[in-house]
Structure formats: C-alpha cells, structure tokens
Amino acid sequence: MPQFFDPDAIVLEPTSPDRLTAEGYLPLPGLITTDGLMLLRREAAALEALARRRDFAMKCMDNSPRRMTTLGGQTIAEASDVIPALYRDPDLIKLLSRASGETVTEITDPVERHVLNILHQAGDTHGAHTDDHPYALVLFLETPDNPADGGLLHFLPHAGSLRNLKAADGTRTAHHRAGDAYLLRSDTTAHRVTPLTRPGLRRTVLNFAYTTPTAQLHRTGSATELYA
Ligand SMILES: [Fe+2]
C-alpha cells in the first residue's frame, strides 16, 4: 500500500490525550502525505459518481440540516481497496491510540466505518450532531483555503444539548487545509460544518469511525439516514 501518512513525521505531545479529553478535538495538521493526498483525491473523485445527494432535516438531531453528497461505508468497501485498507492500517490505529491514550479499535458497522462527505454547492452544510461511536478521524481531501468561504468545523465538547452549539458560549471553530486531519471525541462533542458561502467551493472529507473496548454505542439512527 502507498504511504498515505508517515507515522514518524507526526509529532504528538504527551498532553494530546488530556487535550482530547478536555477539548474533544485534536488537530493533526498535514497528516496526509502529498502523494497520499493525490491518491485519495483520485479515489474520491471516482467514488463521487456513486454518491447520493442529500437535502433534509435530521429529526433525531434537533432537525439540523443535511445539504451534502454522501457515500456510505458499504459502497466504499465494494468500490475501493485503498480507503478500507487505510481505515484498518495498524500504524494509523496505533497513532490514534497514542493520540487518545486509549486502545482504539475498528468498528464493525459496515455503513459507518468509513464514509465520504462532499459539500459542493453554495449553502451546503453538515448540520449539528454527535456521532454513534466515540472517535472520528476526519481526513481533508479538499476544503476552502479561505475561512471566510465556510466549511469550518464548529464544535462543543461535553455538550449536553445540540442547541448549546448554536450559543457562542464555549463553541469553538477550526479551519483546516487539504491534507490535514483531526481526531474528534465525536460521541460527546457536538459538531457541525458551517455552510459553504458561494458556488465553486468544495469540501471533501473522509470520516473514519473508531471505538474502544469499553465504549458504549450511542445508536441514534442518524448514520443510517445519511449513509445507508
Ligand atoms: Fe460527525
């Protein structure tokens, strides 16, 4: 398999697990190598033909909007070799375990394991939600360079309610570049992607879901609605 990331090049602070626990978010800037990014972009471009346009309000997530194009894990597993291989790469899982201070493991759910999310029209947004599984690794293949163009991550750790994400108190914003990644404590951190502000912009990410041996599943049905 080509080298999508270089485990030796990623510097993790000893405080990374504490930061992830406190803030719900750990940036992994430049995680993807230049060659890896090129390959993953090519793969995503081919997969996009199989993806489905979504435009609805997610009832179980406070009616937050889904205006995006998605492809679920099952189809990706059938159509792609490299994405499932990257998802289960032992070096990647080792890195995530070091970053989180926990034993991170693959999830078994074929729909949610690895998904593709594409925002590509003005107003496209991935509205407020929490995930079913404790950890999400998000890999940026394309994203607006200018934060003013939208596609930003809004997140609120230890969120009691999705509504709290709208109130500015404690909600944080993160901007990323293509090749960046972040690890999110995604079952307890409320998060959303802000709308793209104009036509001609694209934000394409791979979202890998992981769990731990002791984690409890927060099954909501939202992933089925978005990806099945
Ligand atoms: Fe999510």
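How many nonpolar, polar and charged residues does the lining of the second largest cavity have, by class? In this predicted model, that lining has 6 nonpolar, 5 polar and 3 charged residues, and the legends below take up this cavity together with the iron site, the salt bridges and one helix.

**View 1. The second largest cavity and the strands that line it.** About 110 Å³ of space lies in this cavity, which is one of 3 cavities of 30 Å³ or more in the structure. Its lining is made up of 14 residues, and those that lie nearest the centre are H126, Y182, H191, V193 and N207. At least two lining residues come from each of the strands β6, β7 (135–142), β10 (181–185), β11 (190–193) and β12. H191 also appears in the view of the iron ion, where the NE2 atom of H191 is one of the protein donors.

**View 2. The largest cavity, with a lining of 19 residues.** The space in the largest cavity comes to about 210 Å³, and the residues nearest its centre are E112, H129, D131, A223 and Y227. Strands β5 (114–119), β6 (125–129) and β12 (203–211), together with helix α7 (222–227), each contribute at least two residues to the lining. The largest share, 4 residues, is supplied by α7. Sorted by class, the lining of the largest cavity has 7 nonpolar, 8 polar and 4 charged residues. Two of the residues listed nearest the centre of this cavity, H129 and D131, are also among the donors of the iron ion.

**View 3. The iron ion and its protein donors.** The ion is held between H129 (NE2), D131 (OD) and H191 (NE2), which lie 2.1 to 2.3 Å from it. Along the sequence these donor residues follow the spacing H-x1-D-x59-H. Distant parts of the chain are linked by the pair D131 and H191, since D131 sits in the loop between β6 and β7 whereas H191 belongs to strand β11, 60 residues apart. D131 counts as buried because its relative accessibility is 16%, and the cut-off for that class is under 20%. H191 is likewise buried, with a relative accessible area of 6%.

**View 4. The salt bridge between D132 and R219, and the network around it.** The side chains of D132 and R219 meet at a distance of 3.1 Å, taken from N to O. This pair, too, links distant parts of the chain, with D132 in the loop between β6 and β7 and R219 in the loop between β12 and α7, 87 residues apart. D132 is buried, with a relative accessible area of 2%, while R219 is partly exposed, with a relative accessible area of 44%. Salt bridges with shared partners join D109, E112, D132 and R219 into one network, and E112 is also one of the residues nearest the centre of the largest cavity. By the rule applied here, the count for the structure comes to 14 salt bridges.

**View 5. The salt bridge between E102 and R185.** The closest N and O atoms of E102 and R185 are 3.6 Å apart. Distant parts of the chain are again linked, as E102 lies in the loop between α5 (90–100) and β4 (105–106) and R185 lies in strand β10, 83 residues apart. E102 counts as partly exposed at 27% relative accessibility, and R185 is partly exposed as well, with a relative accessible area of 24%. Strand β10, which holds R185, is also one of the strands that supply at least two residues of the lining of the second largest cavity.

**View 6. Helix α1, with a salt bridge along the helix and a buried face.** R19 forms a salt bridge with E23, and their closest N and O atoms are 3.2 Å apart. Both residues lie in α1 (residues 16–23), where a separation of 4 residues corresponds to about one turn of the helix. R19 is partly exposed, with a relative accessible area of 31%, and E23 is partly exposed, with a relative accessible area of 24%. The buried residues of this helix include S16, P17 and L20. Seen down the axis of α1, the buried residues fall within an arc of 100°, so they line one face of the helix. The exposed residues D18 and T21 are carried by the face of α1 that is turned away from its buried side.

How values were computed. Residues are numbered from 1 along each chain as its sequence is written. This is a predicted model: local features need pLDDT of at least 70, side-chain atom pairs count only at pLDDT 80 or more; totals for chains, interfaces and linings use all residues. Side-chain values use heavy atoms; hydrogens and water are left out. On a 1 Å grid over the protein atoms alone, a cavity is a set of points where a 1.4 Å probe fits but cannot get out, and a pocket is an open set with protein on both sides within 12 Å along at least five of seven lines; lining residues have an atom within 4 Å of a point. Grid points are joined across faces, edges and corners, and a volume is the space filled by probe spheres set on the points. Ala, Val, Leu, Ile, Met, Phe, Trp, Tyr, Cys and Pro count as nonpolar, Asp, Glu, Lys and Arg as charged, and the others, Gly among them, as polar. A salt bridge is a side-chain nitrogen of Lys or Arg within 4 Å of a carboxyl oxygen of Asp or Glu. Buried means under 20% relative accessible area, exposed over 50%, partly exposed in between (1.4 Å probe, protein chains only). Donors are N, O and S atoms within 2.8 Å of the metal (3.2 Å for Na, K and Ca); water is not among the atoms, so sites may look incomplete. The arc is that of the directions from the helix axis to the C-beta atoms.
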